[in-house]
Structure formats: C-alpha cells, structure tokens
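Student: I'd like a close look at one part of this model, the packing and the pocket among the helices. Could you walk me through it?

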Amino acid sequence: MKSLVDELLESYADCGGINHLTGVNLPSKMAVAALTQDLLHIIFPGFISEHQVSMADLPRETALQLDSLQKRLEIEIAKSLDMLPIAGQNAGSVTLDFLRKLPDVRGLIQTDVEAAYQGDPAAANKEEVVLAYPGVEAVAVFRMAHVLYELGIAFLPRMMTEWAHSRTGIDLHPGAEIGSHFFIDHGTGVVIGGTAKIGNRVRLYQGVGLVARSLAKQVERDEQGHALGGKRHPTVGDDVTIYANSTIVGGDTVIGDRTIIGGNVWLNRSIPPDSVALYEAQQLSIHPRQRNNGDWVI
C-alpha cells in the first residue's frame, strides 16, 4: 500500500493547477493580513491599538509604524512584481507612492464615518461607528486596496479586501470606483464588483449586490489577468439608497441620482434620476393562527 506521502506526491503531479512549487515566491496571506491590520492603525490612530496614544506620542508612534510598514509592504509588493512586473516600477517606489496617498485616503474615510454617524440614529457617537461598524472597516480597507489596484499591483489589493470580507461579510472588489460619504449599513452579504461605479452619498443595506451578468463563455484576460470586455457591473449615481437584498445587474445598468431601490428588487435595466423602484404586486396576508389537536399550525 502506498504511503500517504506517496499519495500526496502523486496528487501534486496530477493536480498541478493548485500547486505553486517552483518559480517566484507568492505574497504571504498571513503577512498581508498583518499589514492590513497595521494599516488600519495608521488610518485610525488610537482606535486599534490596545494602549492609549497621546498627541505627544503620535509623531514617534507614527514614524515607527510607517518604518515597519514600509519594509514589510515592500517585501510583499516585490513578490507581486516578480509575478506580474510593471514596466519602470520597482517595489520601493511603489511602496512610497502608496504610503504617500494615505493622507488623502484618510480624508475619504472620514467622510464615510460621518455618513455612517449621520445616517444611523442608533449610532451614539463616531467612536462607536469606528469601533463597531463592519461597513466602516470594510470600506476603509477597500479604499487602501483601491490605491494599490490603481498602481497596478497584483494580488495584494484582492488579498486585503478578502481579509476584510472574511471579517465583515462585505465583499468589495478593489477595482470598483466609490465616491465620498459611502455608508454600508449592517453590511452582511453586500457584494460590489470590480467595474462598478458608485457616486457620492450612497447608502447600501445588507445583502445588496452590484454584480455582472453570468458569462456563458471563456473569459478573455489581459497580461495582468484582468477580464477583458469592458464594464460588467452597474453604475450608481449620487444620493442613492438601495435597501436590503436587492440585486442590480449588468454594466449598462445606470441608477440615476437620488433614486431609491426598495428591498428584494432584482434589476437589470437603467432607472432615471429621482425614481423609486419597488415590487408593488406582492400582497401581505395576515390571519389568526390556529391549533390542531393542541399544536399550533400555520
């Protein structure tokens, strides 16, 4: 009888598509998870760490965090560039480009926190929003990952947003374009595809999907591995609210400004501005419950 080692080695030979045993080193999932967590320290100083950070300590703390992040991030970016190089770019310059954009990213995230606080009467204060709202964490990670995506870095942006996905249940592709004051309320099950475009002051509830139509043929891809074929996911205008479990499909679908999409709507066509989309044919039936031999029946 073959040993388990022999059987696994045979499997490695037969199922080569899920091996990566030769060639360049891939980014580490554990390292990227730790980097993402530490980047949140930079974005939300005083919120993530276990000890209090004073204004007097902030310059030294920030310098130490940035020094550590720069070294570790450069290692993972170098691995990505070894797999999928970018002409004229090296890991050091890309890392600096990314880190220099963090102040602008913080400015956008501040608008997201404000939108969550103003948009949810249950929020006692902004501290609660930062500490306890999964949508804020998912969007903060998305905004950082989007910068890396725009810089052309492979693997890391998706690894970062999937780390947030595993923690929050919110799946935001780093290629999506999302405006300011973005609020995901509750959040579980929200999916936003990579070519989706979302305007300013948009609010989504749990289970909302901005998705592509199912593809019935082999997907063509560019040198970076991204699917060709243009825009596949919807466009959402400014000041739009989309309620729970609604699904909006297709790259040609445009939701006009100030529109409201009701819950459980499935939509594959555009809607003009200042509209309301609902299913009105459904009727609710309410009747007394009944017993059968002492047991409740529907």
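Tutor: Sure. Keep in mind that this is a predicted model. Let's start with the pocket, the second largest one, which has a volume of about 250 Å³. Helix H5 (102-119) and helix H6 (126-132) each supply at least two residues of its lining, and the largest share, six residues, comes from H5. If you want to select the lining, pick Ile43, Phe44, Pro45, Phe47, Arg106, Gly107, Ile109, Gln110, Val113, Glu114, Lys126 and Val130. By character, that lining splits into seven nonpolar, two polar and three charged residues.

Hang on to Phe44, one of the lining residues, as we turn to the packing. The largest nonpolar core has 40 residues, and Phe44 is among the four that touch the most other members, along with Ile77, Phe98 and Met144. Helix H2 (29-43), H3, H4, H5, H6, helix H7 (134-150) and helix H8 (156-168) each put at least two residues into this core. H7 gives the most, with seven residues.

Now zoom in on methionine 144. Setting aside neighbours within four places in sequence, methionine 144 is in contact with Leu39, Leu40, Ile43, Phe98, Leu102, Val105 and Met160. Two of those names should ring a bell: Ile43 also lines the pocket, and Phe98 is another of the residues touching the most other core members. As background, nonpolar side chains tend to be buried together in soluble globular proteins.

There's also a second, separate core of 27 residues, which includes Phe142, Ile184, Leu210 and Leu267.

For contrast, take a loop residue. Proline 85 is found in the loop between helix H3 (58-83) and helix H4 (91-100). With a relative accessible area of 55%, proline 85 counts as exposed, because the cut-off for that is over 50%. Try putting a distance on proline 85 and glycine 152: they are 67 residues apart in sequence and 9.2 Å apart in space, C-alpha to C-alpha.

Last stop, the sheet. Five strands make an open sheet, ordered S3-S6-S9-S12-S14, with parallel pairing. Strand S3 (183-184) and strand S14 (276-277) are at the edges with a single partner strand each, so one side of each has no neighbour in the sheet. Further in, strand S6 (residues 203-204) and strand S9 (residues 241-242) pair in the parallel sense over two bridges. Leucine 204 has isoleucine 242, in S9, as its bridge partner.

Technical notes. Residues numbered from 1 in each chain as written. Predicted model: local features only at pLDDT ≥ 70, side-chain atom pairs only at ≥ 80, totals over all residues. Heavy atoms only, no water. Helix = DSSP H or I, 4+ residues; strand = E, 2+ residues; numbered from the N terminus. Buried < 20%, exposed > 50% of the residue type's maximum accessible area, 1.4 Å probe, protein only. 1 Å grid on protein atoms, 1.4 Å probe; cavity = no way out; pocket = protein on both sides within 12 Å on 5 of 7 lines; lining within 4 Å. Points joined across faces, edges and corners; volume = space filled by probe spheres on them. Nonpolar A, V, L, I, M, F, W, Y, C, P; charged D, E, K, R; others polar. Core = buried A, V, L, I, M, F, W, Y, C linked by side-chain atoms within 4.5 Å. Contact = heavy atoms within 4.5 Å. Pairing = 2+ DSSP bridges.
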